[in-house]
Amino acid sequence: MGYSKEIYTAAAAALESRGKETRRKLQHNKSVAYAAVPALEDTERRLAAIGGRLMSEIGKGGDLQAAMKQLEAESREVRAQMDALLAQAGFPTDFLEPQPVCGLCGDTGYLRDGLCECHRQLLTKAAQEALRACAPAYDFAFGSFDVRLCGNEEDPASGVVPCNNMKKLLDYCRAYAEDFDLSSPSLFMHGKTGLGKTHLSLAIAMAAVEKGYGVVYGSVQTLLGKLEKERFDKSSADHGEAEESLLGCDLLVLDDLGTEFSTSFTLAWLYNIINTRLMRNLPTIISTNLTPEELEARYAERITSRITGCYVSLAFFGRDIRQIKSATE
Ligand SMILES: [Zn+2]
């Protein structure tokens, strides 16, 4: 669960607002019930007093068991009176109890042995929202990927029929997404622009998020830009978070390799990211419009050899789907 700090913050804020809402509802119920049955306020006070006496018995260190037995009996009696008063006035007996959204953790988000399922769900929801915000033009679904659009004329260089090739790629990516875990291989998607590399990588990213994995998606330019800001902009509020999430997230999707400004900073960091993630066995998906030859011409051998040697290569052929789509719309 390598989530970025924003995801944890968003989930914590959602838990906090659940807690606030529960307290507000309880306060509201109390004022309604006390107005209808003033004696209820007295039973609540007596219950609180029993709690106070229990604490002082613990402090005294005497015969705690006997004291607890006595206090429990008193508490049961007051509760029975309270239930009767509530029932007489037509309120449910739990009307003065907090009603958290999650009964397991009481909306704290934690159980004794770790995160509560509700907390995991909030993290997943925050991660889904963050991913959607990265690429609002996409629907993140494999189902909307139409392999027929890329054409059935044989590619002269490779002898491959594009729509057949695309069907294979789609099937591969679907299976990859379905089986995704931290042992999944890294993928290198290459081919001309408009062939669906971003669409498929986003569909994989969303599937991984829905499985509870922390995913970072962005163009190489944007992600390295964040890193550069974090490193050199003293006024930046980030303290190593971009670096940590690029190196340590469960799945990193680096879109559009080759469109970034090439500087010694970007080259050094590309190598660091690719190498560190391989060493840590964390999957990465890189997409590029560059051919493998162009890649080798642009980047140092230590970068390209890692990509071509350690990533599963997915070659995209065919006609520009985006152009065809806009022409038929
Ligand atoms: Zn919970």
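What follows is a chat about a predicted model of a zinc-binding site and the protein around it.

Biologist: How confident is the model overall, as mean pLDDT?

Modeller: This is a predicted model. The mean pLDDT of the protein is 89, and 95% of its residues reach 70 or more.

Biologist: Where is confidence lowest, and where is it highest?

Modeller: Helix H12 (residues 321-328) is lowest, at a mean of 58. Strand E6 is highest, at 97. Where pLDDT is low, the predicted coordinates should not be read in detail.

Biologist: On to the metal. Which residues are the protein donors of the zinc ion?

Modeller: Cys-102, Cys-105, Cys-116 and Cys-118, each through SG. They lie 2.2 to 2.3 Å from the zinc ion.

Biologist: What is the arrangement of the donor atoms?

Modeller: Tetrahedral, because the 4 donor atoms subtend angles of 101 to 113° around the zinc ion, and the cut-off asks for all angles between 85 and 135 degrees.

Biologist: And what spacing do the donors follow along the chain?

Modeller: The spacing is C-x2-C-x10-C-x1-C. Cys-102 sits in the loop between helix H3 (64-88) and strand E1 (110-111), while Cys-116 is in the loop between strand E2 (114-115) and helix H4 (117-134). The pair therefore ties together parts that are 14 residues apart in sequence.

Biologist: Are those two buried or exposed?

Modeller: Cys-102 has 9% relative accessibility, so it counts as buried. Cys-116 is at 0% and counts as buried too.

Biologist: Where does Cys-105 lie?

Modeller: Cys-105 is in the loop between H3 and E1. Its relative accessibility is 9%, and it counts as buried. Cys-105 and His-119 are 14 residues apart in sequence, with their C-alpha atoms 9.3 Å apart in space.

Biologist: Staying in that loop, what is phi of Asp-107?

Modeller: Phi of Asp-107 is near 65°, a positive value in a residue other than glycine. Asp-107 is placed in the loop between H3 and E1. With a relative accessible area of 7%, Asp-107 is buried.

Biologist: What about phi of Phe-140?

Modeller: Phe-140 also has a positive phi, of about 65°, although it is not a glycine. Its place is in the loop between H4 and helix H5 (162-178). Phe-140 counts as buried, at 8% relative accessibility.

Biologist: Changing topic: how is the protein divided into domains?

Modeller: Domain 1 covers 5-115 and domain 2 covers 135-328. Their C-alpha centres lie 51 Å apart.

Biologist: Back to E6. How many of its residues are buried?

Modeller: In strand E6 (residues 284-288), 5 of the 5 residues are buried, so the strand is largely enclosed by the rest of the structure.

Biologist: Which residues are on each side?

Modeller: Thr-284, Ile-286 and Thr-288 are on one side, and Ile-285 and Ser-287 are on the other. Both faces of E6 are covered.

Biologist: Which strands do bridges join to E6?

Modeller: Strand E3 (residues 187-191) is joined to E6 by 4 bridges, and the two run parallel. Phe-188 has Ile-286 in E6 as its bridge partner. Strand E5 (residues 251-257) is also joined to E6 by 4 bridges and runs parallel to it. There, Leu-257 stands opposite Thr-288.

Biologist: What do E5, helix H9 and E6 make?

Modeller: E5, helix H9 (residues 264-279) and E6 make a right-handed β-α-β unit.

Key: Residues numbered from 1 in each chain as written. Predicted model: local features only at pLDDT ≥ 70, side-chain atom pairs only at ≥ 80, totals over all residues. Heavy atoms only, no water. Donors = N, O, S within 2.8 Å, 3.2 Å for Na, K, Ca; no water. Tetrahedral: all angles 85-135°; square planar, octahedral: opposite > 155°, others 65-115°. Buried < 20%, exposed > 50% of the residue type's maximum accessible area, 1.4 Å probe, protein only. Domains from an automatic or database assignment. Pairing = 2+ DSSP bridges. Right-handed = clockwise from strand over helix to strand, strands pointing away. pLDDT = per-residue confidence, 0-100.
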